[in-house]
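Hi everyone, thanks for making time for this. Have a look at the model on the screen, and we'll walk through it together.

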Amino acid sequence: MSIASHLESVWFNTTSGQYLLEKEQALYDQAVFDLFGFNALQMGDLQMDLLRNSRIPNRFQSADVASTAFKHHLSCCDDFLPFADMSLDLLLLPHRLEFSERPHQTLREAARVMMPEGHLLISGFNPMSSWGAAARIKQWFSNNQTYPWNGDFIRLARLRDWLALLGFEVVSIQKCCHIPPFEQASWHRRLSFLDKMGERCGPRFGG
């Protein structure tokens with residue numbers, strides 16, 4: 001496992017990391033259930049099995065580097081995918097773009113390998129949220145930035161523009177993680193009402 005992958009795994013075991021895993025897993029479980037085809041690929045974030053609820057027969061998981069920590073089928077970078085043109089019906093990019101050195105190329109590769117009626121599912125950290133504010137504070141005041149605060153969080157409007165240029169149609173947007181990224185479990189319990197409130201009143205500020 002690389003140093004970056006190790007730091008990512010460590011963070012996902014924190015209170016905030018576990019909170020994000022729970023919320024994102026639920027969103028992906030719901031999203032993939034009614035999407036059909038023959039081939040599906042999850043790029044990275046192997047702490048979650050985001051295709052577990054998919055009914056597509058051929059489901060693959062990929063990592064940046066070979067690792068014994070998590071089960072995966074292949075190792076490759078997301079800006080040069082080892083797949084033929086129009087070969088994937090479903091592609092998942094969980095938190096890939098904000099940590100990609102070339103996010104535009106990552107999306108271009110996604111467009112190349114997608115079937116014409118295929119689906120691309122992207123999740124990322126929202127810079128217009130308490131999570132984005134936490135990242136900016138850590139970047140301003142700390143030289144030792146670790147996952148996920150070292151990422152380049154992408155505004156939704158900017159991402160929509162990139163997708164439109166590549167011919168994608170955005171059909172659904174969902175937000176989650178309205179509780180700020182506190183590390184104390186007690187604060188998550190006290191602020192649990194923010195998730196329900198955020199879903200009703202301020203979904204745009206989800207983390």
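Let's start in the sheet, with one pair of residues: S62 has L74 in β3 as its bridge partner. One thing to keep in mind as we go is that this is a predicted model.

That pair belongs to the link between β2 and β3, two strands that run parallel and are joined by two bridges. Now let's step back. In what order do the five strands of the sheet come? Reading across, the order is β3-β2-β1-β4-β5, the sheet is open, and the pairing is parallel. At the edges you find β3, residues 74-75, and β5, residues 114-123. Each of these two has a single partner strand, so one side of each is left without a neighbour in the sheet.

Next, please find β1, residues 39-43. On one hand, β1 pairs with β2, residues 58-63, in the parallel sense over five bridges. If you want a residue to look for, N39 stands opposite N58 in β2. On the other hand, β1 pairs with β4, residues 88-94, also parallel, over three bridges. There, Q42 has L92 of β4 as its bridge partner. And is β1 mostly covered or mostly open? Mostly covered: four of its five residues are buried.

Now for the cores. The largest nonpolar core has 27 residues, and W11, L90 and W131 have the most contacts inside it. The elements that give two or more residues to this core are α1 (3-12), α2 (15-32), β4 and α4. Which of them gives the most? That is α2, with five residues.

Let's zoom in on W11. Leaving out residues up to four places away in sequence, W11 touches a whole list of others, including L20, F125, W131, Y147 and W149. Apart from this core lies another one, of 19 residues, among them C76, L81, L120 and W162.

To finish, let's come out to the surface. Here I137, W140 and F141 form a nonpolar patch, with about 430 Å² of accessible area together. Within that patch, W140 sits in helix α4, residues 130-141. Why do we call W140 exposed? Because its relative accessible area is 62%, and the cut-off for exposed is over 50%. So keep α4 in mind as you turn the model: this helix holds W140, and α4 is also among the elements that give two or more residues to the largest core.

Thanks for listening, and do ask me anything!

Technical notes: Residues numbered from 1 in each chain as written. Predicted model: local features only at pLDDT ≥ 70, side-chain atom pairs only at ≥ 80, totals over all residues. Heavy atoms only, no water. Patch = residues over 30% accessible without salt bridge, like charges linked within 9 Å, V, L, I, M, F, W, Y side chains within 5 Å. Areas by Shrake-Rupley, 256 points an atom, 1.4 Å probe, with all protein chains shown as cover. Salt bridge = Lys/Arg side-chain N within 4 Å of Asp/Glu carboxyl O. Buried < 20%, exposed > 50% of the residue type's maximum accessible area, 1.4 Å probe, protein only. Pairing = 2+ DSSP bridges. Core = buried A, V, L, I, M, F, W, Y, C linked by side-chain atoms within 4.5 Å. Contact = heavy atoms within 4.5 Å.
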